[in-house]
Amino acid sequence: MLQTDSRGPNEFRTGHDVPAAATTGSADPSALEVRSELLFQSCLWCGTAAYRRSFCRACGSTAFKRERSAGAGALVRRIGPSPLNTWFVAMDEGFTLVCQIARTEPAVAGVGARVRVVRAVALREQGLPLVELTYRATPLERWW
């Protein structure tokens, strides 16, 4: 059988040996911290970039390392109704994620427009990453 995990038995941590201070959340739900850095996974076997995956889509490995994204990408395709302004974004590192565009009317955003990450996710990883336009695509630069 092919073993895809490169971690040894001593590298796994169980929940009972984590300090209690690290597992307790804040009592005030309005005091949510927002992470502005976007972390993605890179496969240890083939190097394929992914976002929130349990296994590599290229080789099937479950061994990942976390890396920090530069936070820049391009709009690929709108999904859902236009008032939500939700898009697939192809990040420069090679992975795709679903984001919402902030501070922009839905009609202004177009395929191929450059974006940057404003907010990665909230404290409990709820909600979509938030991006904003940095460069509007001209008709010659669009991807269709």
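Let me start at a pairing between two strands: R119 stands opposite L130 in strand 10. I should say at once that this is a predicted model. The pair belongs to an antiparallel arrangement in which five bridges join strand 8, residues 114-119, to strand 10, residues 130-135. Further along, V115 of strand 8 has L133 as its bridge partner in strand 10.

Strand 8 also pairs with strand 5, again in the antiparallel sense, over three bridges. Here A74 has R114 as its bridge partner in strand 8. These pairings are part of a closed arrangement: five strands form a barrel in the order 5-6-7-10-8, with mixed pairing. From one strand to the next, the twist averages 55 degrees.

I turn now to the interior. The largest nonpolar core contains 20 residues, and those with the most contacts inside it are L38, L75, M91, F95 and L97. Strand 6, strand 7 and strand 8 each contribute at least two residues to this core. As a general point, nonpolar side chains in soluble globular proteins tend to be buried together. Let us take M91 as an example. Setting aside neighbours within four places in sequence, M91 is in contact with L38, S69, G71, A72, G73, L97 and V117. Two of the core residues just named, L38 and L97, are thus among the contacts of M91.

Next, a polar residue in a loop. N85 sits between strand 5, residues 72-79, and strand 6, residues 86-91. Is N85 buried or exposed? Its relative accessibility is 3%, and because the cut-off for buried is under 20%, N85 counts as buried. What does the side chain of N85 contact? It makes a polar contact of 3.3 Å with the side chain of W87. Beyond four places in sequence, N85 is in contact with R78, C99, Q100, I101, T104, E105 and P106.

Two arginines deserve attention for their backbone angles. Most residues other than glycine have a negative phi. R52, however, has a positive phi, near 55 degrees. R52 is found in the loop between strand 3, residues 49-50, and strand 4, residues 64-68. With a relative accessibility of 46%, R52 counts as partly exposed. R103 likewise has a positive phi, near 55 degrees. R103 lies in the loop between strand 7, residues 96-101, and strand 8. R103 is exposed, at a relative accessible area of 68%.

Finally, a word on confidence. The chain averages a pLDDT of 75, and 66% of the residues score at least 70. Where in the chain is confidence lowest, and where is it highest? The lowest mean, 39, is found in helix 1, residues 20-23, and the highest, 95, in strand 4. Over residues 7-34, pLDDT stays under 50, and for this stretch the model has 14 contacts beyond four places in sequence.

To close, I return to the barrel, whose strand order is 5-6-7-10-8. Strand 8 pairs there with strand 10 through five bridges and with strand 5 through three.

Note on methods. Residues are numbered from 1 along each chain as its sequence is written. This is a predicted model: local features need pLDDT of at least 70, side-chain atom pairs count only at pLDDT 80 or more; totals for chains, interfaces and linings use all residues. Side-chain values use heavy atoms; hydrogens and water are left out. Helices (H or I, at least four residues) and strands (E, at least two) are DSSP runs, numbered from the N terminus. Buried means under 20% relative accessible area, exposed over 50%, partly exposed in between (1.4 Å probe, protein chains only). A polar contact is a pair of N or O atoms within 3.5 Å; within protein, one must be able to donate a hydrogen and the other to accept it, and residues adjacent in sequence count only if both atoms are side-chain atoms. Contact means heavy atoms within 4.5 Å. Two strands pair if DSSP finds at least two bridges between them. Axes are lines fitted to C-alpha atoms, for helices over the stretch in contact, and angles run from 0 to 180 degrees between N-to-C directions. pLDDT is the predictor's confidence in each residue, from 0 to 100. A nonpolar core is a set of buried Ala, Val, Leu, Ile, Met, Phe, Trp, Tyr and Cys residues joined through side-chain atoms within 4.5 Å.
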